[in-house]
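Please consider the following explanation of backbone geometry and cysteine placement, to be read alongside the sequence and coordinates.

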Amino acid sequence: MNLELLFINWNPSEIIGHLGPITLRWYGMCWLVGIVGAYFMVRWLYKDQKVKDELFDPLFIYAFIGILVGARLGHCLFYEPDYFLSSGTHFIEMFVPIHKMADGSWKYTGYAGLASHGGTLGLMIALWLYCRHTKMNIWHVLDNIAIATPITACCIRLGNLMNSEIIGKPTDVPWAFIFEQVDNVPRHPGQLYEAIAYFIFIFVMLFFYLRSRKSDEKVNADKPSSVILHPSSKTVGSGFFFGLVLTLIFTFRFFIEYTKDVQVDFENGMLFNMGQLLSVPFIIIGIASMIGGKWMKKVPGAK
């Protein structure tokens with residue numbers, strides 16, 4: 001059988017359509033779906049844990065800004081520092097979605113370049129600020145956000161797939177994609193590998209959450225609602241979920257990088273590429289968070 005007949009020719013338009021003067025793009029729409037999906041997941045978690053509604057309202061703003069700013073700066077500083085730090089004009093392009101053309105004019109480009117490692121770091125900083133503002137317990141917030149994180153991660157990688165970016169290395173596997181906007185070489189669909197993995201992680205996180213909730217309900221049946229005693233370290237507020245999602249995502253990210261093509265020239269010849277090097281600290285933090293859980297937490301804002 002000729003395996004080339006099974007290769008997938010991939011050449012979708014980056015644009016979904018136009019809504020008046022607004023151009024709808026797949027990447028932006030995938031980001032939006034991912035953020036909204038995580039929003040509703042965390043809202044359900046807060047209600048399930050009887051946290052006051054007013055403590056949830058500012059969370060979306062903090063998280064959205066933190067992810068966007070962190071992901072953008074992460075790309076610019078981790079992958080293209082020579083360009084963005086070379087002049088004042090290029091420095092401005094890190095923050096404003098425009099690009100200065102050769103003729104001196106400015107062109108709106110959107111944020112063409114977002115790094116997941118930077119987005120994760122930006123989200124952590126944003127959640128720290130949110131907790132300072134709301135007086136919420138930081139581990140309680142991090143664990144809830146962690147449960148919803150794979151939703152956003154999955155959608156973002158689907159957006160990368162629609163943009164034919166972050167492509168894989170050449171391969172002859174029968175499910176290879178031919179990214180026609182790049183070349184006519186069959187390649188690993190690395191974005192799809194990650195999207196599928198993150199989709200599975202959604203159910204992994206929910207499985208552990210629902211199991212821990214049943215255990216908590218038994219222990220806390222006769223306790224005041226303002227104090228939640230956790231029977232084990234595997235519960236919201238212990239850091240377990242935060243550690244679990246970091247460990248799952250970035251361990252998978254580390255190994256899936258072996259199927260990806262280099263994103264920038266300086267990665268050529270490196271034993272580990274930039275994505276792998278940046279994944280290691282998050283894996284360490286994840287493991288440390290999982291094994292360092294607390295046995296008792298007070299959840300601020302519980303009714």
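**Backbone exceptions and cysteines**

S164 lies in the loop between α7 and β6, the strand spanning 177-179. The model is a predicted one, and within it S164 adopts a positive phi of about 55° without being a glycine. As a general matter, most residues other than glycine have a negative phi. With regard to solvent, S164 counts as buried because its relative accessibility is 6%, and the cut-off for that class is under 20%.

A second residue with such a backbone angle is K135. This lysine is not a glycine either, yet its phi is positive, at about 65°. K135 belongs to the loop that joins α6 (116-134) and α7 (138-162). Its relative accessibility is 62%, so K135 counts as exposed; the threshold for that class is over 50%. Thus S164 is buried, whereas K135 is exposed.

The discussion now turns to the cysteines. How many disulfides does a search of the whole structure find? The search returns 0. A disulfide is a covalent bond between the sulfur atoms of two cysteines, and the criterion applied here requires those atoms to be within 2.5 Å. For C30, the closest cysteine sulfur is that of C155, and the separation of 6.4 Å is too far for a bond.

The accessibility of two cysteines may be added. C30 has a relative accessible area of 13% and is therefore buried. C131, with a relative accessible area of 8%, is likewise buried.

Definitions and conventions. Residues numbered from 1 in each chain as written. Predicted model: local features only at pLDDT ≥ 70, side-chain atom pairs only at ≥ 80, totals over all residues. Heavy atoms only, no water. Helix = DSSP H or I, 4+ residues; strand = E, 2+ residues; numbered from the N terminus. Buried < 20%, exposed > 50% of the residue type's maximum accessible area, 1.4 Å probe, protein only.
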